Amino acid sequence: MSYDFYAFLDRMKYIKRWSLMRCVREENIMEHSQEVALIAHALAVINNKYCGGDADGPKCVMYAVYHECSEVVTGDLPTPIKYFNQSITGAYKDIEGLACDKLLTMLPEEMKGEIERYVKPDTSCIEWKLVKAADRLSAYIKCLEEKRCGNTEFEKAKKSIEDDLKARNMPEVTYFIDNFIAGYEKTLDELDTPLD
């Protein structure tokens, strides 16, 4: 018997993000998911070390790895369309749920429960909230990258994402922005400080 779950997810590398925007560098949902996983793990560590929390870092990473997997079925619907009104948002969430269900049928029964907890996460837990914040931070970093390359197309998106991140009122996000975002605006030479 052959199962197609992982071959299907491998196609994440073909799903482009920011489809309505002119991009200096294209980004796909596979590389985006890896960046979100790194940032979500960082937010979990910050939550635990500086905010008195007890976030599960590995759980954040796994949630992030799978957080866009439905898009191998649906494609990446641009944000202005996805959130145009509550009816569209609700319908799209339903479609995403159906896409996840379809993907899970592509696994052996013995593996399904182990994977399902990440493909269909507990959206009320701190780990999911950290992943959603990491997702927005990833988008913010994309805006900074495009701006650094002279692309003004992302200025409005950058402002909108900044407002969203502030509205979340999450100390983990504030700490990440205050301590790590400046590095994303540096050149390689500026990042490459000599080791003593």
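**Notes on the helix 3 and helix 7 contact and its surroundings**

1. A good place to begin is the meeting of two helices: from helix 3, Met-62, Tyr-63 and Tyr-66 meet Ile-115, Arg-117, Tyr-118 and Val-119 of helix 7. By class, this contact of helix 3 with helix 7 has 6 nonpolar residues, 1 charged residue and no polar ones. Please keep in mind that this is a predicted model.

2. On the geometry of that contact, helix 3 covers residues 57–66 and helix 7 covers residues 109–119. Their axes come within 8 Å and cross at roughly 85°. Angles from 65 to 115 degrees count as roughly perpendicular, and helix 3 and helix 7 are therefore roughly perpendicular to each other.

3. Next, the aromatic rings. How many aromatic pairs does a search of the whole structure find? The search returns 9. In the pair of Tyr-63 and Tyr-118, the ring centres are 6.1 Å apart and the planes stand at 70°, so this pair is edge-to-face. Tyr-63 belongs to helix 3 and Tyr-118 to helix 7, so the pair ties together parts that are 55 residues apart in sequence. Are these two tyrosines buried or exposed? Tyr-63 is buried, and Tyr-118 is too.

4. The ring pairs also build a cluster, which links Phe-5, Tyr-6, Tyr-63, Tyr-66, Tyr-118 and Trp-128. Tyr-66 deserves a look of its own. This residue sits in helix 3 and has a relative accessible area of 8%, so it is buried. Leaving aside neighbours within four places in sequence, Tyr-66 is in contact with Phe-5, Tyr-6, Leu-9, Ile-115, Tyr-118 and Val-119. If you would like a longer distance to check, the C-alpha atoms of Tyr-66 and Arg-168 are separated by 22 Å, with their positions 102 residues apart along the chain.

5. Back in helix 7, one lysine may catch your eye. Lys-112 lies in this helix, and its relative accessibility is 18%, so Lys-112 counts as buried. What does Lys-112 touch, not counting residues up to four places away in sequence? Its partners are Leu-104, Thr-105 and Leu-107.

6. Helix 6, residues 86–104, holds Gly-97. This glycine is partly exposed, with a relative accessible area of 23%. Gly-97 and Val-119 are 22 residues apart in sequence, and their C-alpha atoms are 9.4 Å apart in space. Val-119 is one of the helix 7 residues in the contact with helix 3.

7. Two residues other than glycine have a positive phi worth a glance in your own plots. For Trp-18, phi is near 60°; this residue lies in the loop between helix 1 (5–10) and helix 2 (29–50). For Asn-169, phi is about 50°, and its loop runs between helix 9 (155–168) and helix 10 (171–180). Which of the two is buried and which is exposed? Trp-18 has a relative accessible area of 17% and is buried, whereas Asn-169, at 67% relative accessibility, counts as exposed.

8. Trp-18 turns up again around helix 9, where Ile-161 is found. At 2% relative accessibility, Ile-161 counts as buried. Leaving aside neighbours within four places in sequence, Ile-161 is in contact with Trp-18, Arg-136, Ala-139, Tyr-140 and Cys-143. For one of these partners, Ala-139, the C-alpha atom is separated from that of Ile-161 by 7.5 Å, and the two residues are 22 apart along the chain.

9. Last, the cysteines. A disulfide is a covalent bond between the sulfur atoms of two cysteines. How many disulfides does a search of the whole structure find? The count is 0. Cys-23 is in no disulfide, and the nearest cysteine sulfur, in Cys-143, is 9.5 Å away. Cys-143 is also one of the contacts of Ile-161. Why does Cys-51 have no bond to Cys-60? The sulfur of Cys-60 is the closest cysteine sulfur to that of Cys-51, but at 13 Å it is too far for a bond; the cut-off for a disulfide is sulfur atoms within 2.5 Å. Cys-51 is partly exposed, with a relative accessible area of 31%.

Conventions
Residues numbered from 1 in each chain as written. Predicted model: local features only at pLDDT ≥ 70, side-chain atom pairs only at ≥ 80, totals over all residues. Heavy atoms only, no water. Axes fitted to C-alpha atoms, helices over the stretch in contact; angles between N-to-C directions. Helix = DSSP H or I, 4+ residues; strand = E, 2+ residues; numbered from the N terminus. Parallel < 35°, antiparallel > 145°, perpendicular 65-115°, else oblique. Contact = heavy atoms within 4.5 Å. Nonpolar A, V, L, I, M, F, W, Y, C, P; charged D, E, K, R; others polar. Phe/Tyr/Trp six-rings, centres within 6.5 Å; stacked < 30°, edge-to-face > 60°. Buried < 20%, exposed > 50% of the residue type's maximum accessible area, 1.4 Å probe, protein only.
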